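Here is a short conversation for anyone who likes to ask how a structural label is earned. Take a look at the sequence and structure first.

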Amino acid sequence: MKEQLTSILEKTLTDIKAAETFEALDAIRVNVLGKKGELTAILKQMGKLDAEMRPVIGALANEVRQSLETALEEAKAVMDEKETAAKLAREALDVTMPGTIPVLGKKHPVSIVLDEICDIFTGIGFTIADGPEVELDYYNFEALNIPQGHPARDEQDTFYVSDNIVLRTQTSPMQIRTMENKKPPIRILAPGRVFRSDALDATHSPVFHQIEGLVVAKGITMGDLKGTLELFAKRLYGEDTKVRFRPHHFPFTEPSAEMDVQCFKCGGKGCSLCKGEGYIEILGCGMVHPKVLEVCGVDPEEYTGFAFGMGLERLVMRKYKIDDIRLLSENDVRFLNQF
Ligand code: DAH
């Protein structure tokens, strides 16, 4: 029995040394010291021993149990320590490491110029209006005095969604929507996307932006139109910018005009940018046609107004000397980072 005890002690101590997990240690404890363990089994046989041997073996058995318990405790403590160290190493954070600098986005050139124009007009009392890109034929054409069969419809190659629904070809429908919803005095600026079934090339895109303006009140004259748009041109291009108005035709204004600014490349002498003209056209405008006021329920005897519309991409291209409109929608960051 003595030998059995010593052998259990030695074998178990070796097992404890070799154990690598808490589970392994626990299994050893159960196998040896548990109710059905090897040591317990030996203790159960103590009754068969001589009276004088009993205390000797009893004492030895106790010693063995104590040694094993201590060895198990120690092994567990070592394992605990190792695990804590490993955990700390895993979670170590080097606060001196340099961070990654996020790439900052930039405003798109179209947005830069749009914001600038909105600032100019809100600065003189205009509010910004927004409307649908998918539009009823009524608002895009009919109410703007462009009935079925009118030649102006052919000039604006239209994407039809159905017989009476189109992708708006201009922002002018916002004139109608505004007057239907609000009594004069009206002073709005309506920027937005418009669509035309044009092939994509350096100067044409099927999707582009227009900015529409509308002023309706009592006593509005062509003088207000000219003063407002001249002030706009000077704010956008500089105080000594010269403008001129040329008669033109739009179905929804009468009289109608186009406004040109003196070429800022040649100063009016004529060059490749202005094609020898000395002036560059930047917008269409006119006094709101009485028929248009009428369909919106605004009495043309009481109120008058002026309207204007301009293509945003062309302004952007001129401002930044961009010669291909496609660059504005390709979103190549090498291009966009230059603004
Ligand atoms: N909607 C016209 C176009 O797309 C531009 C325009 C001209 C708008 C004259 C106006 C205006 O408001 O008065 O060609």
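The questions and answers below go through the sheet, the cores, a pocket and some backbone details of this predicted model.

Q: What makes E1 and E7 the edges of the open sheet?
A: The sheet has seven strands in the order E1-E5-E6-E10-E9-E8-E7, with mixed pairing. Strand E1 (127-128) and strand E7 (243-250) each have a single partner strand, so one side of each is left without a neighbour in the sheet.

Q: How do you know that E1 and E5 count as paired?
A: Pairing takes at least two bridges between two strands. E1 and strand E5 (residues 186-195) have two bridges, in the parallel sense, so the criterion of at least two is met. On the E5 side, Leu 189 is the bridge partner of Ile 128.

Q: What makes the pairing on either side of E9 antiparallel, and how many bridges are there?
A: E8 and E9 run antiparallel and are joined by eight bridges. E9 also pairs with E10 in the antiparallel sense, over four bridges. You can follow the link through Gly 284: this residue of E9 is the bridge partner of Glu 258, and in E10 the bridge partner of Gly 284 is Gly 309.

Q: Why is E9 described as largely enclosed by the rest of the structure?
A: A residue is called buried under 20% relative accessible area. Nine of the 10 residues of E9 are buried, so the label fits this strand well.

Q: What makes a set of residues the largest nonpolar core here, and which members touch the most others?
A: Members must be buried and joined through side-chain atoms within 4.5 Å. The largest such core has 38 residues, and Ile 117, Phe 121, Phe 232, Leu 283, Phe 308 and Met 310 touch the most other members. Several elements supply at least two residues each, including H5, helix H9 (222-237) and strand E10 (304-311). H5 gives the most, with seven residues. Apart from this core lies another, of 23 residues, among them Met 174, Ile 176, Val 216 and Tyr 303.

Q: Which residues does Phe 121 touch, leaving out those up to four places away in sequence?
A: Contact means heavy atoms within 4.5 Å. Phe 121 touches Phe 126, Leu 189, Thr 228, Leu 229, Phe 232, Phe 308 and Met 310.

Q: What lines the second largest pocket?
A: The second largest pocket has a volume of about 250 Å³. Its lining has 14 residues, and those closest to the centre are Val 207, His 209, Glu 313, Leu 328 and Ser 329. Helix H5 (109-122), strand E6 (207-217), helix H11 (312-320) and helix H12 (327-330) each supply at least two of the lining residues, and H5 gives the most, with three. By type, the lining divides into seven nonpolar, five polar and two charged residues.

Q: Where are the cis peptide bonds at Pro 185 and Pro 255, and what are their omega values?
A: The bond from Pro 184 to Pro 185 is cis, with omega near 5 degrees, and Pro 185 sits in the loop between helix H8 (173-181) and E5. The bond joining Glu 254 and Pro 255 is also cis, with omega about -5 degrees; Pro 255 is in strand E8.

Q: What is the phi of Asn 331, and where does this residue lie?
A: Asn 331 has a positive phi of about 55 degrees although it is not a glycine. Asn 331 lies in the loop between H12 and H13.

Note on methods
Residues are numbered from 1 along each chain as its sequence is written. This is a predicted model: local features need pLDDT of at least 70, side-chain atom pairs count only at pLDDT 80 or more; totals for chains, interfaces and linings use all residues. Side-chain values use heavy atoms; hydrogens and water are left out. On a 1 Å grid over the protein atoms alone, a cavity is a set of points where a 1.4 Å probe fits but cannot get out, and a pocket is an open set with protein on both sides within 12 Å along at least five of seven lines; lining residues have an atom within 4 Å of a point. Grid points are joined across faces, edges and corners, and a volume is the space filled by probe spheres set on the points. Ala, Val, Leu, Ile, Met, Phe, Trp, Tyr, Cys and Pro count as nonpolar, Asp, Glu, Lys and Arg as charged, and the others, Gly among them, as polar. Buried means under 20% relative accessible area, exposed over 50%, partly exposed in between (1.4 Å probe, protein chains only).
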